Amino acid sequence: MTTTQPDPTSPWVYNTRDMGRRAGTMKTLKMSLVTPDSMGIPVLAIPAGEQVALNLRFETVLEGVMVSGTAISRAKGECARCLTDIDIPVGADLRELYAYPNSLTAQTTEEDEIPLLVDELIDLEPLVRDEIVVQMPLAPLCRPDCPGLCSVCGERLDVVEPDHNHEILDPRWAALQAQFGASSEAIHSEEN
Ligand SMILES: [Zn+2]
Ligand SMILES: [Zn+2]
């Protein structure tokens, strides 16, 4: 995760200033924030403007501020088997160290490997986005045992009759059947 300058006016940006620099200070925070834009993958995404419930813990450690907790929201997409619209809960556990810029961790780690505290601010949005997106199923389903689509006609197998099939009758029998109104079995035995 690369560190960019957090926007102090964004509701996603948490100011750690009043926590001080001494290790061992802890704060918990429960809040619901609105996504500024969609978070997701091509088949599933939390739409822009959706609520994300955050249950967070901020803890000062020697090298910076540790953020841990959970993020929960809802995502919209398409069932990978039956293509019906889905709206499913998504979430992730969060755990990230935001290093003080002058800490040993910051000095000994590649710049893009760990996020830094910038002006004592933490932008939670990239953290929540990265963790939630990585947990999203690449083939989301409307339900775990979704039967999918009929391979012949493309109808959803959830909505067709239980005996739905495309057994193709021999056209000659079909013609005889139409003519005499007999069953194909009867005609078959007559032919032999
Ligand atoms: Zn489905
Ligand atoms: Zn079919």
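This report covers the fold, zinc sites, salt bridges, cavities and backbone outliers of a predicted model.

## Fold

The chain has four helices and eight strands. Along the sequence they follow the pattern β-β-β-β-β-β-β-α-β-α-α-α. The chain counts 192 residues, and 32% of them are buried.

Several of these elements recur below. Strand β6 spans 64–78, and strand β7 spans 85–99. Helix α1 covers 104–108, and strand β8 covers 121–123. Helix α2 runs over 124–135, and helix α3 over 171–180.

## First zinc site

Four cysteines hold the zinc ion (ligand 1). The donors are the SG atoms of C79, C82, C142 and C146, at 2.3 Å. The angles they subtend run from 105 to 115°, so the arrangement is tetrahedral. The donor residues follow the spacing C-x2-C-x59-C-x3-C.

C79 lies in the loop between β6 and β7, while C146 lies in the loop between α2 and α3, so this pair ties together parts that are 67 residues apart in sequence. Both C79 and C146 are buried.

## Second zinc site

The zinc ion (ligand 2) has two cysteine and two histidine donors. C150 and C153 each bind through SG, and H164 and H166 each bind through NE2. The distances are 1.9 to 2.3 Å. This site is tetrahedral too, with angles of 105 to 114° among its four donor atoms.

The sequence spacing here is C-x2-C-x10-H-x1-H. What is the exposure of the two cysteines, C150 and C153? C150 has 10% relative accessibility and therefore counts as buried. C153 has a relative accessible area of 37%, so it is partly exposed.

## Salt bridges

How many salt bridges does a search of the whole structure find? The search finds nine. Three of the pairs are described here.

R74 pairs with D87, and their closest N and O atoms are 2.8 Å apart. R74 is in strand β6 and D87 in strand β7, so the bridge ties together parts that are 13 residues apart in sequence. R74 is partly exposed, at 36% relative accessibility. D87 is also partly exposed, with a relative accessible area of 36%.

R129 and E125 form a bridge at 2.7 Å, N to O. Both residues lie in helix α2. They are four residues apart, about one turn of the helix. E125 counts as buried, at 14% relative accessibility.

D158 and R143 also meet in a salt bridge, with the closest N and O atoms 2.4 Å apart. Both residues lie in the loop between α2 and α3, so the pair ties together parts that are 15 residues apart in sequence. D158 is partly exposed, with a relative accessible area of 33%. R143 is partly exposed as well, at 30% relative accessibility. Elsewhere, D37, E125 and R129 are joined into one network by salt bridges that share partners.

## Cavities

The structure holds two cavities of 30 Å³ or more. The second largest encloses about 50 Å³ of space.

Which residues line the second largest cavity? The lining is made up of T16, R17, M19, G20, R21, T60, V65, Y100, L117 and E120. By class, four of these residues are nonpolar, three are polar and three are charged. V65 falls within strand β6, given its span of 64–78.

## Backbone outliers

Two non-glycine residues have positive phi: D119, at about 55°, and E120, at about 65°. D119 sits in the loop between α1 and β8. E120 lies in the loop between α1 and β8 as well.

E120 also appears in the lining of the second largest cavity. What is the exposure of E120? With a relative accessible area of 34%, E120 is partly exposed.

Notes:
Residues are numbered from 1 along each chain as its sequence is written. Chains are lettered from A and ligands numbered from 1 in the order in which they are written. This is a predicted model: local features need pLDDT of at least 70, side-chain atom pairs count only at pLDDT 80 or more; totals for chains, interfaces and linings use all residues. Side-chain values use heavy atoms; hydrogens and water are left out. On a 1 Å grid over the protein atoms alone, a cavity is a set of points where a 1.4 Å probe fits but cannot get out, and a pocket is an open set with protein on both sides within 12 Å along at least five of seven lines; lining residues have an atom within 4 Å of a point. Grid points are joined across faces, edges and corners, and a volume is the space filled by probe spheres set on the points. Ala, Val, Leu, Ile, Met, Phe, Trp, Tyr, Cys and Pro count as nonpolar, Asp, Glu, Lys and Arg as charged, and the others, Gly among them, as polar. Donors are N, O and S atoms within 2.8 Å of the metal (3.2 Å for Na, K and Ca); water is not among the atoms, so sites may look incomplete. Four donors count as tetrahedral if all angles lie between 85 and 135 degrees; four count as square planar and six as octahedral if opposite donors are over 155 degrees apart and all others between 65 and 115; anything else is irregular. Helices (H or I, at least four residues) and strands (E, at least two) are DSSP runs, numbered from the N terminus. Buried means under 20% relative accessible area, exposed over 50%, partly exposed in between (1.4 Å probe, protein chains only). A salt bridge is a side-chain nitrogen of Lys or Arg within 4 Å of a carboxyl oxygen of Asp or Glu.
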